[in-house]
Amino acid sequence: MKLRQWSTVGLVAVATIATLNTVPATASRPYDPTTQSLGTLGLRHGLHVGTAVSMDALNDASDPQYRKLVSSEFASVTAENVMKWESLEPTRGAYNWGPADQFVDFAKRNRQSVRGHVLVWHNQLPAWLTSGVADGSISKQELRELLRNHITTVVNRYKGKIWQWDVVNEAVSDPWDTPSTLHYKGFWAQNLGPGYIADAFRWARAADPKALLFYNDYNIEAFGSGNPADDKTQFVYDMTKSLRAQGVPIDGVGSQGHLGTQYGNFDTLQVTAALKKFSGLGVATAFTEVDVRSQLTEGVQAGNSEEINPRLQASAANFSVLMKACLAVRSCLSYTVWGFSDKHSWVPGWFDDPPEGLATIYDENYQPKRAYQELKSDLIFAGPPYVLPRIAPKPRR
Ligand code: G3I
């Protein structure tokens with residue numbers, strides 16, 4: 001399959017390099033890649049290294065380092081919350097485009113690619129929608145129409161400005177859910193049946209012929225048993241294969257990459273194998289929300305370096321496993337961290353009992369951590385024959 005899109009990826013790469021933190025080599029100062037940003041180093045491979053962006057932090061005048069690093073270190077950005085339904089349409093029919101417009105304009109000014117997050121998810125839905133369904137004032141038929149209208153309206157507004165859309169997010173259950181046999185979960189499957197997934201991709205495609213349309217989920221970094229009844233990666237693989245066979249315009253699968261150092265996790269070869277298997281379906285892949293958290297034991301909270309160091313090193317190792325695997329597979333187009341500083345991370349607020357944190361690549365004072373350095377070295381030392389330029393699929397009609 002000759003993938004014409006390579007030239008386009010190259011174009012985006014060139015434009016983006018223009019604003020990133022690049023230190024030009026001179027006669028007296030030979031080229032030192034360690035001074036380059038993750039964004040610049042990623043684009044050497046056509047890989048977009050990105051971050052989730054909190055608009056509250058971006059607009060916080062007392063926190064200028066946040067905005068500086070977002071614009072200078074990363075080639076791609078994802079809105080952490082302001083492009084979610086509850087933010088875009090808090091009141092039925094009354095759209096709150098301001099924060100999302102500001103986010104997209106900010107990316108455009110920095111010539112950064114944008115991952116649109118998220119069109120269809122069971123979380124962060126507006127209360128008027130969920131309560132309307134709950135009290136029966138919104139019928140199933142009307143709900144389906146509301147979903148189509150939401151996707152069409154949002155995708156139309158940002159047509160041509162979004163590189164990748166997370167069309168559907170976290171539609172598949174986990175082995176710890178009830179029933180434990182994997183199934184389609186959540187508000188949309190319960191109210192519309194799993195057919196909403198194919199509908200959502202078709203509606204998004206109708207609104208933007210060029211955006212790459214992704215299914216996004218967590219705990220799909222590598223295959224397990226290979227049985228879709230308990231292996232979530234296999235379930236998502238089979239779902240993607242089935243959607244492709246139906247002619248549904250799904251272009252990619254996003255693996256969120258929310259890991260914890262207390263878990264077994266995966267090695268680089270396992271993750272590479274998974275990306276290659278998805279690539280075999282003709283879809284692109286991406287790591288879309290990478291962070292690697294650790295348990296904040298009393299020792300860690302007390303600043304005990306003997307407890308902190310192994311966690312920082314384990315976190316760095318896991319960030320690097322995903323990066324090395326992504327670099328090794330040409331259809332892995334982007335690597336996005338879900339927040340880059342421990343000062344602005346969703347982890348401590350979500351995982352508070354027992355407390356977890358230390359999940360990102362910069363510390364609370366915006367000092368690069370071991371994880372940042374390991375990602376940088378992965379990007380610097382990568383190259384042929386195992387790491388080659390990215391190949392993006394043509395958006396499926
Ligand atoms: O905006 C309100 C604010 O008005 C209020 O004062 C404040 C206090 O409660 O809450 C604010 O809303 C919070 C919102 O983030 C914006 O900051 C919500 O409580 C909080 O639950 C929400 O958390 C987000 C979470 O998704 C919600 O599910 C996280 O920031 C965000 O990082 C997280 O991101 C998700 C991805 O979208 C999908 N994959 C998993 C990932 C982590 O959960």
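This report walks through a predicted model, from its annotated domain and ligand site to a few single residues.

**The annotated span**

An unreviewed UniProt entry carries the annotation "domain: GH10" for residues 52–378. Helix makes up 44% of that span, and strand 16%. The C-alpha atoms at its two ends are 21 Å apart.

**The ligand site**

The ligand has 15 residues around it. Glu80, Lys84, His117, Glu170 and Glu289 come nearest. By type, the shell holds four nonpolar, seven polar and four charged residues. Three side chains with polar atoms close to the ligand are listed here.

| Side chain | Ligand atom | Distance |
|---|---|---|
| Asn81 | oxygen | 2.9 Å |
| Glu289 | nitrogen | 2.7 Å |
| Trp338 | oxygen | 2.9 Å |

Taken alone, the ligand exposes 800 Å². The protein buries 53% of that area.

**Strand 3 and the loop before it**

His117, one of the residues that come nearest to the ligand, also takes part in a cis peptide bond. That bond joins His117 to Val118, and its omega is about 15°. Val118 belongs to strand 3. Gln112 sits in the loop between helix 6 and strand 3 (113–120). Is Gln112 buried or exposed? Its relative accessibility is 6%, so Gln112 counts as buried. The side chain of Gln112 also reaches the backbone oxygen of Phe74, at 2.8 Å.

A second cis peptide bond runs from Thr178 to Pro179, with omega near -10°. Pro179 is in the loop between strand 4 (164–169) and helix 9 (186–192).

**Pro90 in its loop**

Another loop links helix 5 (85–88) and helix 6 (98–109), and Pro90 lies there. Pro90 counts as partly exposed because its relative accessibility is 43%. Which residues does Pro90 touch, leaving aside neighbours within four places in sequence? They are Trp85, Asn96, Pro126 and Trp128. Leu125 is 35 residues from Pro90 along the chain, yet their C-alpha atoms are separated by 8.6 Å.

**Arg205 in helix 10**

Arg205 is part of helix 10, which covers residues 195–207. With a relative accessible area of 7%, Arg205 falls under the 20% cut-off, so Arg205 is buried. Its side chain has two polar partners to look at. One is the backbone oxygen of Asp208, reached at 2.8 Å. The other is the side chain of Asp251, with a polar contact of 2.6 Å.

Asp251 also appears among the contacts of Arg205 beyond four places in sequence. That list also includes Lys210, Ala211, Leu213 and Pro249. Pro395, Arg396 and Arg397 complete it.

**Two positive phi values**

The loop between strand 10 (356–357) and helix 16 (370–381) holds Leu358. Tyr366 lies in the loop between strand 10 and helix 16 as well. Leu358 is not a glycine, but its phi is positive, at about 55°. Tyr366 is likewise a residue other than glycine, and its phi is near 60°.

How buried or exposed are these two residues? Leu358 has 23% relative accessibility, so Leu358 counts as partly exposed. Tyr366 is buried, because its relative accessible area is 7%.

Methods. Residues are numbered from 1 along each chain as its sequence is written. This is a predicted model: local features need pLDDT of at least 70, side-chain atom pairs count only at pLDDT 80 or more; totals for chains, interfaces and linings use all residues. Side-chain values use heavy atoms; hydrogens and water are left out. Helices (H or I, at least four residues) and strands (E, at least two) are DSSP runs, numbered from the N terminus. Buried means under 20% relative accessible area, exposed over 50%, partly exposed in between (1.4 Å probe, protein chains only). Contact means heavy atoms within 4.5 Å. UniProt positions are given in the numbering used here, feature names are shortened, and annotations may be inferred rather than shown by experiment. A residue is near a molecule or strand if one of its heavy atoms lies within 4 Å of it. A polar contact is a pair of N or O atoms within 3.5 Å; within protein, one must be able to donate a hydrogen and the other to accept it, and residues adjacent in sequence count only if both atoms are side-chain atoms. Accessible areas come from the Shrake-Rupley method with a 1.4 Å probe; for residues, only the protein chains shown count as cover. Ala, Val, Leu, Ile, Met, Phe, Trp, Tyr, Cys and Pro count as nonpolar, Asp, Glu, Lys and Arg as charged, and the others, Gly among them, as polar.
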